[in-house]
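Subject: Structure handover

Dear colleague,

Here is the structure I said I would pass on. Please look it over before reading the notes underneath.

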Amino acid sequence: MTSGDSSLTSPLGRRPVLIVWFRTDLRIDDNPALAEALEKGVVIPVYIHDPESEGVWRHGAASHWWLHQSLQELSKRLDSKKSRLILRQGDSLAELSKLIKETGAAAVYWNRRYEPAVIARDKKIKETLKETGVDAQSFNANLLNEPWTIQTGGGTPFKVFTPYWNKCAALGNPAEPKKEPAQIQAPAQWPSSVLIQALRLMPKIKRYEGMFESWKPGEMGARSELELFLNENAVNYLDGRDTPSIRATSRMSPYFHFGEISPRRIWHEVQKKSAKNKIAGWIRQAEGFIRQIYWREFAYHLLYHFPATTDHPLREEFKKFEWKNDKKLLKAWQKGQTGYPIVDAGMRELWHTGWMHNRVRMIAASFLVKDLLVHWREGARWFWDTLVDADLANNTLGWQWVAGCGADAAPYFRIFNPFTQGEKFDEKAAYVRKWVPEIAGLPDKWIHRPWEAPAEVLVAAQVQLGKDYPKPLVDHADARLRALMLYDRLRQSKKQS
């Protein structure tokens with residue numbers, strides 16, 4: 001058999017064995033690699049735990065928790081299709097080579113990933129397999145438009161979202177998603193598999209009880225979450241998505257990250273819902289949600305074309321920014337002990353559930369970078385370890401956007417005011433009272449700025465600042481001026497160079 005031959009053959013007319021290598025595409029529905037393999041032969045589904053090849057940005061503890069649950073759910077889904085999930089751990093190429101030898105597999109199919117270290121690994125694997133006569137093919141399962149398919153008129157990558165969005169919108173509707181198979185033809189004999197416990201994915205720190213309460217990982221969980229959003233929450237999406245105390249966002253990000261639902265499936269489900277709700281208000285909400293899906297696409301566009309941005313600013317001049325990087329301040333931020341209630345509420349929600357409301361992410365990130373002058377990379381690392389939706393493309397885009405050093409970044413002078421943001425988006429303080437219960441007794445007027453509350457109000461609410469709840473780490477007004485001075489100094493330095 002020649003490398004890449006689409007007409008796979010096997011002795012005596014038997015259907016060839018193909019390995020489908022699952023990665024961040026942990027679903028059966030609309031899975032291009034799986035669909036292609038099923039057309040050509042007998043399928044052996046495989047997942048290989050190989051953190052060493054992920055580079056420095058390996059999955060963090062919260063992602064490992066999710067992955068453990070998701071692999072269990074994928075295994076159940078495959079069982080229902082008369083198949084099974086083979087688990088291996090170690091070097092991906094070595095394990096694939098062993099599986100090919102054990103099963104006589106004629107091909108290995110997988111769906112593409114876009115992280116820099118993974119691209120390099122996958123390229124090597126594809127080349128090596130083809131050299132040995134094994135058909136190796138990859139497919140697009142997790143993006144509507146892959147990064148190299150969208151360019152400016154000058155043939156360069158986009159760095160600003162709106163023209164990127166306009167270019168994508170002009171391409172028309174995405175292809176229809178592939179239907180999930182009714183059954184997966186199994187091999188006569190299965191290769192060996194390790195137990196999921198052997199992968200040691202569950203965090204040692206027992207912080208995952210809140211995650212169990214908050215999430216249902218897996219393909220069926222993704223469908224349930226999407227159905228809930230479309231039937232109940234999408235109607236208020238644009239008007240309510242900035243209010244952290246209500247459930248107006250889709251909460252699809254971790255399912256997206258692990259590929260438990262495809263963007264094509266979501267796009268078409270939203271369109272179906274829009275067709276049934278032919279009212280301007282609903283359609284406006286749906287369009288707003290679809291636009292957010294394209295922000296995710298834009299993040300991958302940037303990661304692919306500017307891979308160094310995971311660790312370095314896209315805008316070169318920011319390499320000279322004078323970060324203070326106070327470790328005590330960083331630790332207080334991580335623990336939700338900054339003295340600014342909306343920031344602390346977000347950091348505690350993150351620790352308990354593995355997720356944080358998007359508006360609060362921006363507030364908390366701005367506070368770390370601009371009030372505390374801690375490098376955005378420290379924040380990115382903390383989110384990477386604690387978020388169940390820790391996605392390298394989105395994480396990088398978000399932190400560089402807040403710091404003002406990335407593509408389509410917020411102007412350097414945009415510094416979120418943590419207490420006015422709280423008063424605006426958590427007006428009745430329901431979010432703060434849930435996650436910062438030690439100040440729940442404060443009236444709405446003072447709860448977002450307890451340091452300004454009169455002594456008698458603090459006494460009545462049984463709050464002693466510095467004991468029950470910390471005093472502010474910094475004075476926001478002073479911190480804002482300090483940040484503006486440093487940013488302006490950087491701007492002047494660029495003009496002179």
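The notes below go from the whole chain to one strand and then to two residues.

Overall. Please keep in mind that this is a predicted model. The protein has 21 helices and five strands. For its 497 residues, a compact globule would have a radius of gyration near 23 Å, and the 24 Å found for the protein agrees with that. Along the principal axes, the C-alpha atoms fill a box of roughly 90 × 55 × 50 Å. Of the 497 residues, 56% are buried. If one takes the contacts between residues at least 6 apart in sequence, 79% of them join residues at least 24 apart.

Surface and charge. About 21,900 Å² of the protein is exposed, with carbon and sulfur atoms supplying 51% of that area. There are 72 positive and 58 negative charges, and the mean positions of the two sets are 1 Å apart.

Strand 1. This strand covers residues 17-22, and six of its six residues are buried. In a regular strand the side chains alternate between the two faces of the sheet. Here both faces are covered: Val17, Ile19 and Trp21 are buried on one side, and Leu18, Val20 and Phe22 are buried on the other. Strand 1 runs parallel to strand 2 (residues 42-49), and six bridges join the two. Within this pairing, Ile19 stands opposite Ile44 of strand 2.

Arg264. This residue lies in helix 10, which spans residues 263-276. Is Arg264 buried or exposed? Its relative accessible area is 17%, and buried means under 20%, so Arg264 counts as buried. Beyond its neighbours within four places in sequence, Arg264 is in contact with Asp30, Pro32, Leu144, Pro174, Ala175, Glu176, Pro177 and Lys178.

Phe367. Helix 14 (residues 358-371) holds this residue. Phe367 has a relative accessibility of 1% and therefore also counts as buried. Which residues does Phe367 touch, not counting those up to four places away in sequence? They are Trp333, Thr338, Tyr340, Val343, Leu372, Pro418 and Val474. One of these, Thr338, is 29 residues away from Phe367 along the chain, and the C-alpha atoms of the two are separated by 9.4 Å.

Regards

Notes: Residues numbered from 1 in each chain as written. Predicted model: local features only at pLDDT ≥ 70, side-chain atom pairs only at ≥ 80, totals over all residues. Heavy atoms only, no water. Helix = DSSP H or I, 4+ residues; strand = E, 2+ residues; numbered from the N terminus. Rg over C-alpha atoms; globule rule 2.2 N^0.38 Å. Buried < 20%, exposed > 50% of the residue type's maximum accessible area, 1.4 Å probe, protein only. Contact = heavy atoms within 4.5 Å. Areas by Shrake-Rupley, 256 points an atom, 1.4 Å probe, with all protein chains shown as cover. Lys, Arg positive; Asp, Glu negative; His and termini not counted. Charge placed at Lys NZ, Arg CZ, Asp CG, Glu CD. Pairing = 2+ DSSP bridges.
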